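Colleague: I am new to reading models, and I would like to hear how the words used for one are justified. Could you take me through it step by step?

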Amino acid sequence: MDDLSKSDMKFFSDQQHCFADILLPHEVQARIQVVVLNFLKILSSPDPAISDLPLINRKSSNSRVSEGILTDVSWIFLSHSFCSRSLMKANATKAFIRVWKVMEMCFEILIQDKRVTQRELFYKLLCDSPHYFSSQLQVNRTIQDVVALLRCSRYSLGIMASRKGLVAGRILLQEPNQEAVDCSACGSSGYAISGDLNLLESLSTKTDARYIVVVEKHAIFQRLAEDNVFNQIPSILLTAKGYPDIATRFLLHRMSRAFPDLPILALVDWNPARLAILSTYKFGSIGMGLEAYRYACNVKWLGLRGDDLQLIPQQSLAPLKPRDLQIARSLISSTILRDNYRQELAVMMQSGQGAEIEALYFNGYDYLVKYLAKKIVQANYI
Amino acid sequence: MDHEMLILKIPSVAAELVIERGDASGLRCENVFLPNESSPLNFSSSNVERLKSGLEEYVLKHRNSLNNKCDSCFCSREKLKISSGVASSMESHRSPGLIVEAVIAISELSESLCFRSSGNKTEVLHFKDFSPSSVSIASLNALTSIDWRSYGLTLVSAVDQVDHALIEWESLPPYLHIDMVIHCYHKQYPGKYKYQPDRHLIKKGVKLALDDLKEKHTGLLLSAHAVKICSYAPDLASSIAGIILSSNDLKFRSKCSTLLELSQSQAIGKQTVEDRIKEKIISVIETNDRKPEKIKEAAPFLFEDDRPQDLDPADLYLEEHAGGDNVFSFPD
């Protein structure tokens, strides 16, 4: 009975849900071949035309929220609204051709059974087609266009995620046929998270930690790792050094499935932009909305929060930038945030000020660990 | 003026002249309109057909400075492309019964000894009521108000040079020359009827002639937009050809060859596939360019299932209330 009602509740949202499949190389090649065949069929038909490329819209207007029914996890997903890339629209012609160029290159990569990073792809495209590609950002966006066209994950295209994230603490990670790595012995630099999602999937994990702490800033991660905080508070530390990339999110999600009893706690600056980072771990993103929903985790906000401000000196508060306020306005209007988060945001906006975690050092360099320990013991996280 | 009169090819006038000069010497008669074997006209030919034929001869004979067509410049029919447009005012119009005929000739001449290119200029000859006329303000306004860019042309200026309007173009290809003639008259002619030249009618007539040219000759008078899009065709063709030729799937490659009407029998090189795809793309662009804006259809969908769903009212609300930057849309 339980199962029925679960599937019933999800039924309608599934209809709206648009997602990218995780496919094997030959399956992606098949999809690209279908694109080419359809294009040629229309080009050679009795009433020939040049088809547009229909892409799932990656805009907030096409995003939906899936409320966790029996779990605490909500996520953002994309629905079936399309935009299209067209050869015939002046100023949009190059964007159209860029999609084909990336598709061609991914096709070749897959045929050769290779994997490349986004950076490597950028350099290849820059050499091959300098008139069309001038920046990494453009390449990344075009890759997302191909994901939105073929509805397969970026990794399925042969493109590895960036190698940004780090893990430290009480976890053993073992690649198949390799020695296990003890992440508590990796020093302050931690264990680098691979961009190869297949590899991450194949890792075996073991832990005796009681908490997972997601740290937004690299410097704070290093400080905590150096101080071996995970030996004082049995924990795993994780950072993406800023905005979370797919590989870090993937690993965090794996850990949350492997160790469902471990609360995941986030340590971010008191700032709307940092709260947005937390939200990305928590709910996913629109930019990669076709796949990011898979890696949404129940991340709780440990700090810095409103009531922590009393712990830091007044002079460490700094005015929020216009961009921060813009993000705050956008976040607060998003339906996915719970009231308690909204209240914190409202305080941020009212005061017009933000604070960095480093401000806690005012109380001594070891204060951060004490702060963490106290908050964890008091279960002071939302 | 005499040379220009010949453009009209008015049979009745020629007949009168012949009768009048019945006793004149052969020499004088030679300057009169004579039936031309290369462009057979008979009494039932319409006025505009005659005008077209007349302009054609005018151009072929280098503005009637020669007695016969210049064979060295116009060695093939393809060198001269000619079309016409006729606009007439409706009964409900403030001046009903007006007719404007426009004929445009485009010559593609390589460097020739006998024809000195007049560069980027076109003399627009004007006729009114079957006689050469001066250029009206209405005509000048009509010429300057046409959207020449949709025909791949840029007008620099149009000035009244008394017996013709002189149009200057920006950067015509050096071998291309344009001739034009506009004839306004009342359908009751030779009955006396006073009227003012109509700018809209003249514009319509010229546009009909331009559209007629585009319709009949692929790739001619391509709009600036179409020329620009065509320049991307090789890159697009190269990408698609690249995918086809990288594939190990023989069935797929065979299907593509069939669609592209390429031989299945032997190994086909990338260049051949690329060229064929490019040809087809350019052909579609050129065909689309000929269609008037209002009947251009939306491009077909690449996947049948992808037709956009009807928006839920809730979706419409979201769309209307979508803020500017959304925090969830940072690039990864």
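Modeller: What follows is a conversation about cysteines, a loop residue and the place where two chains meet. This is a predicted model, in which local features need pLDDT of at least 70 and side-chain atom pairs count only at pLDDT 80 or more, while totals for chains, interfaces and linings use all residues. Residues are numbered from 1 along each chain as its sequence is written, chains are lettered from A and ligands numbered from 1 in the order in which they are written, and side-chain values use heavy atoms, with hydrogens and water left out.

Colleague: How many disulfides does the structure hold over all chains, and why is C186(A) not bonded to C183(A)?

Modeller: The structure holds 0 disulfides over all chains, where a disulfide is a pair of cysteine sulfur atoms within 2.5 Å. The closest cysteine sulfur to that of C186(A) belongs to C183(A) and is 4.8 Å away, which is too far for a bond. C256(B) is in no disulfide either, and its nearest cysteine sulfur, in C106(A), is 18 Å away.

Colleague: What makes C256(B) buried, and is A185(A) buried or exposed?

Modeller: Buried means under 20% relative accessible area, exposed means over 50%, and partly exposed lies in between (1.4 Å probe, protein chains only). C256(B) has a relative accessible area of 1%, so it is called buried, whereas C186(A), with 21%, is called partly exposed. A185(A) has 60% relative accessibility and therefore counts as exposed.

Colleague: Where is A185(A) placed?

Modeller: A185(A) is in the loop between β9 (180-182) and β10 (191-192) of chain A, the strands being DSSP runs of E with at least two residues, and helices runs of H or I with at least four, numbered from the N terminus.

Colleague: How do you know that chain A and chain B are in contact?

Modeller: Contact means heavy atoms within 4.5 Å, and by that rule 70 residues of chain A are in contact with 47 residues of chain B. The two chains bury about 5100 Å² between them, 69% of it on carbon and sulfur atoms; buried area is the accessible area (1.4 Å probe) that two parts lose on being put together, summed over both.

Colleague: How many salt bridges are counted between chain A and chain B?

Modeller: The count is 0, a salt bridge being a side-chain nitrogen of Lys or Arg within 4 Å of a carboxyl oxygen of Asp or Glu.
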